[in-house]
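User: Could you zoom in on one part of this for me and then show me what surrounds it? I'm new to this, so please spell out the terms as you go.

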Amino acid sequence: MTQLALVIDLNVCVGCHACVTSCKQWNTSSEKAGPLFDDRPYGEDPTGTFFNRVQTYEIGCFPNTETLHFPKSCLHCEDAPCVPVCPTGASHKRAEDGIVLVDYDKCIGCKYCSWACPYGAREFDEYQKVMKKCTLCVDRIYDEKLPESERKPACVLACPTSARLFGDVHDPESQVSVAIREQGGYQLMPEWGTKPANHYLPRRKTRMHIHEDELVRTDNPLKKEDIRHGTSDDVTLDDWLM
Amino acid sequence: MHPAFSVIFLTTLIGVGQGLFLALFSAQAYGMAKLLPAQSGSFFANGSFLALLFLLGGLFAAVFHLGKPSYMFTRAWRGMTQWRTSWLSRELIAMPAMMGLTFLYAVFHWFGWEVDLFGWHVSGQLSLAVGIFGVLGAIALFVCTAMIYAAVKFLQEWSSPLTVVNYFVLGTASGFTCATVYASYQGVEPELVHFFGGWAIALTVLGLITRSFSLLRNARIKYKSTVQTAIGVRHTQVQQKAMGMMGGSYNTREYSHGKTGAFLKSVKWIFLVLVFVIPVILLALGLSADHTALLLLAFMTQYVGLLFERWFFFAQANHPQNLYYQTI
C-alpha cells in the first residue's frame, strides 16, 4: 500500500512562503481544485482560501531565542478523523495512494470535517461553498505530460532550500522514509492517534567537537607550538636511546 | 467554536418538538392505563402537529447551515449514505424518520383509526403502537444530534456522555413545558396540566443538575494538545509570532466566538437563570394559580434561555487548531 506524503525539514525552511504562493498559483488555476477565492487581495485585511500556510514561532526567552518557520498543510493522516464524519462521503481517503480529498460535487458545506481536524488543515471556500484542502497536487503528480522530475507537488518544486521532500512513506527505502528514519522525523499532535503521514524533521544544531589534543598535537604536523615537557634528572629510557 | 445560529435554532427547536411528542405519548399511555383522564384524538392530533411544526422549524434552520440552501435539494440526500460512520448522517436519517412518525401519530389520532392490536379492548391501541416507534425515533434523534458533538474527540468540552444526557434532558424539559402550555390552552382536566407541568419542573431541575455537572467538568478540563505537541518542539517557552496571514482566514473565523471572556461568563449566568430558575418558578406559580399566560411565559423564557445555553455550548468549546492561530 502506498502512502504519499510530504516531509518538511524545519532545519532548512527559511520561511519564504514560496510554497504558499506556488500552491495557490497552481491550485487556483487547476481544474480539479480551483479556483481558490480571495477577498480584498490587495486591500485592507486580505483573506482567502489557501491549502498551505507558513507560520513563525519563537522558541525560548530573549536572548536565548530561536526562530522556527513552520509550513502547515493537510497531513494526509493514515487514520484521518475528517473522513468518517462526512455525511455525504465527499471527504475520502484514496486507497491507492492515501491522499485525503474532498469531492466538491458531493460536499454540502456543513463544515463538520473541519471540526474533526485537530490541525486546522481544511478551509471552507466562501464562494464555492464547499470545503477545500491540500490535494498533494493530485492533478500534477500523475500527469504523464509533465517531465518525470516535475511530477511533484507545486510546493516541493518551489521550495528554494529543498526543505520539502515528497514520496511514499510506506516504502522503507524511499527518500522520505530514509529522511524520517535517519533524521528524527516526527508527527504533529501524536496524542490524538491520527497518524499523520506528513512528517517534520527537527531543527538540528551543528556543533564542532574539538579536543584540545587535536589542535596542539595530532592535527598539527609542524608541532609549531613546540610543547615540551620538563626534563627529569633521573636516568630514563630516553637517555639510552637518543 | 463559532456558534452558528442555524445550528442553535435547529437543536433547540427539534428538542422542543421531540420533548412535546414524548409528553403527548406519555399522556396517551397514562390515559389508556386509566392513570390520567383520557383525551380526545384531536387533542393528540393537534399536539403532534404542533410538535411537527417545531421539527419543521428545526429543519428550516438546518437549511442555512449548508454551504448553499440549494444543497438541501441537490445534495443533502447524499448525507444519508454514510450512516455507518457519521453521526451527522445518522441524524439526517433520524430527523425525517421522526417527522414522519410524528405526522403518522397525528394522522392516526385525527382519523381515530382503531384496531384491537393487543386485545386490551381499549381505544387508541393503533396510535399507541405508532407512538412507540415515535418514542424510539425521538430518543434516536436526541442521541444522534448530541453524538454529532460528543463524537468529536478533539473538542474536549463536548466529548463526554454528559453532552448526550444534556441534549436529552434539556430537550425533553422544554417539550414538557410546551406540553403544559398546550394542555392549559386546550382547557383539559387540571390533572393532565399538572402531570405535564410536574414533569416539566422535574426535568428542568434534573437538567440543572446534569448541565451543572458538565459546566464543572469543563471548568477543570485539561487540554491534551499544547503548542509544543502542535509544532513538535520541546521547550517551555514557545510563542507564535506569525500565523501566515494578516486578514484572518476560515481558521480564525470558524473556531472562535470572537467575544470576551466576561461576555462568555455572563451568557452562562443568563442561561442558568433563564433555562432553569425562572421557568421553574413560573411553572409552579402558573400551575398553582391555573394561569395559562404564566405557563406560556415560562415556556418562552425557557426557550430563549436554551438559545443562550446552546450559544454557550458552542462558544465554550476550544478547538486544538487554535494553537496554530494565536497571533497575527
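Analyst: Let's start with D9(A), which stands opposite L201(A) in strand 11 of chain A. That link belongs to the pairing of strand 1 of chain A with strand 11 (residues 199–201) of chain A, a parallel one with 3 bridges. Strands here are DSSP runs of E with at least two residues, helices are runs of H or I with at least four, and both are numbered from the N terminus. Two strands pair when DSSP finds at least two bridges between them.

A quick word on the model: it is predicted, so local features need pLDDT of at least 70 and side-chain atom pairs count only at pLDDT 80 or more, while totals for chains, interfaces and linings use all residues. Residues count from 1 along each chain as its sequence is written, while chains are lettered from A and ligands numbered from 1 in the order in which they are written.

Back to our strand. Strand 1 of chain A has another partner, strand 10 of chain A, and here the two run antiparallel with 5 bridges. Look for L6(A), whose bridge partner in strand 10 of chain A is F166(A).

How buried is strand 1 (residues 4–9) of chain A? In this strand 6 of the 6 residues are buried, so the rest of the structure largely encloses it. (Buried means 20 or more other C-beta atoms within 10 Å of the residue's own, exposed means 12 or fewer, and partly exposed is in between; C-beta atoms are placed from the backbone.) In a regular strand the side chains alternate between the two faces of the sheet. Here both faces are covered: L4(A), L6(A) and I8(A) are buried on one side, and A5(A), V7(A) and D9(A) on the other.

For a contrast, follow strand 10 back a little. The loop between helix 4 (154–158) and strand 10 (164–168) of chain A holds S162(A). S162(A) is exposed, because just 9 other C-beta atoms lie within 10 Å. From S162(A) to H211(A) is 49 residues in sequence, and 34 Å in space from C-alpha to C-alpha.

Strand 10 also leads us to helix 1 (residues 18–28) of chain A. The buried residues in this helix are A18(A), C19(A), V20(A), C23(A), K24(A), W26(A) and N27(A). They pack against strand 10 of chain A, and also against strand 4, strand 5, helix 3 (138–141) and helix 4 of that chain.

Strands 4 and 5 bring us to a sheet that joins the two chains. It is an open sheet of 3 strands in the order 5(A)-4(A)-1(B), with antiparallel pairing. Strand 5 of chain A and strand 1 of chain B are the edge strands, each pairing on one side only. On average, neighbouring strands in this sheet are turned by 35° against each other, ignoring direction. Helix 1 of chain A packs on the sheet by touching strand 4 and strand 5 of chain A, and its direction makes about 165° with that of strand 4 of chain A. (Axes are lines fitted to C-alpha atoms, for helices over the stretch in contact, and angles go from 0 to 180 degrees between N-to-C directions.)

Within chain A, strands 4 and 5 are antiparallel and share 8 bridges; N52(A), for instance, has S73(A) in strand 5 as its bridge partner. Across the chains, 4 bridges connect strand 4 of chain A with strand 1 (residues 238–242) of chain B, again antiparallel. There, T56(A) stands opposite A242(B).

Now step back to the whole interface. In chain A, 47 residues are in contact with 47 residues of chain B, where contact means C-beta atoms, placed from the backbone, within 7 Å. On the chain A side, strand 4 (52–59), strand 5 (66–73), helix 2 (112–115) and strand 8 (123–125) each supply at least two residues. Strand 4 of chain A gives the most, with 7 residues. By class, this side of chain A has 28 nonpolar, 9 polar and 10 charged residues. (Ala, Val, Leu, Ile, Met, Phe, Trp, Tyr, Cys and Pro count as nonpolar, Asp, Glu, Lys and Arg as charged, and the others, including Gly, as polar.)

Finally, peek into chain B. Helix 6 (residues 161–186) and helix 7 (residues 190–219) of chain B pack at about 155° with axes 8 Å apart. Their contact is made up of 16 nonpolar, 10 polar and 2 charged residues.

How values were computed. Two residues are in contact if their C-beta atoms, placed from the backbone, lie within 7 Å.
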